[in-house]
Amino acid sequence: MKKISEVLKDFFKSIIVGNLISLVIVLIVGIISLLISKFNLNQSIQNVRSALLIIGSLGIMLGALLILKKRTEKELLFKEDWQKKYNVLSYKTVLILISFIILLYGGIIDWIVFHYIQ
């Protein structure tokens with residue numbers, strides 16, 4: 001039971017970090033896109049959606065490559081620091097979870113644009 005609660009804590013921490021990273025991406029890309037497109041809101045939303053989908057997909061691919069990499073890699077240098085933040089999940093798993101959250105927000109924006117804005 002203790003192991004399940006630790007996994008759930010790590011999972012929720014990853015979700016929170018994914019939400020924060022998604023928010024930062026939306027704000028940075030949104031502001032830059034608004035300035036470049038001369039405050040065209042539709043174009044800015046499309047750029048934010050594209051950035052979220054691209055970053056999320058690249059993060060998942062990076063995590064998959066890290067998992068598939070040969071096991072001859074060095075031990076994580078900051079393993080003790082990592083285990084203070086995440087008890088059970090590895091950095092590869094957390095990277096993939098965060099990338100899924102980013103990709104999820106991109107998909108939500110895509111769904112909203114497809115059904116309501118077009």
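**Exercises on the α1–α2 loop and its flanking helices**

K38 is found in the loop between α1 and α2 of this predicted model.

**Exercise 1.** Determine where F39 lies, and classify K38 and F39 as buried or exposed.

*Solution.* Begin with location: F39 lies in the loop between α1 and α2. Next, apply the cut-off for exposed residues, which is over 50% relative accessible area. K38 has a relative accessible area of 72%, so K38 is exposed. F39 has a value of 62% and is therefore exposed.

**Exercise 2.** Establish the sign of phi in K38 and in F39, and set it against the general pattern.

*Solution.* The phi of K38 is positive, about 60°, although K38 is not a glycine. For F39, likewise not a glycine, phi is positive and near 65°. Most residues other than glycine have a negative phi.

**Exercise 3.** Assign L34 and S44 to their helices, and state the separation of their C-alpha atoms.

*Solution.* L34 belongs to helix α1, which spans residues 2-36. S44 belongs to helix α2, spanning residues 41-68. Along the chain the two are 10 residues apart, and their C-alpha atoms are separated by 5.6 Å.

**Exercise 4.** Classify the accessibility of S44 and L34, and identify their contacts beyond four places in sequence.

*Solution.* Buried means under 20% relative accessible area. S44, at 4%, is therefore buried. L34, at 26%, is partly exposed. Turning to contacts beyond four places in sequence, S44 is in contact with G30, S33, L34 and S37. With the same exclusion, L34 touches F39, N40, L41 and S44.

Definitions and conventions. Residues numbered from 1 in each chain as written. Predicted model: local features only at pLDDT ≥ 70, side-chain atom pairs only at ≥ 80, totals over all residues. Heavy atoms only, no water. Helix = DSSP H or I, 4+ residues; strand = E, 2+ residues; numbered from the N terminus. Buried < 20%, exposed > 50% of the residue type's maximum accessible area, 1.4 Å probe, protein only. Contact = heavy atoms within 4.5 Å.
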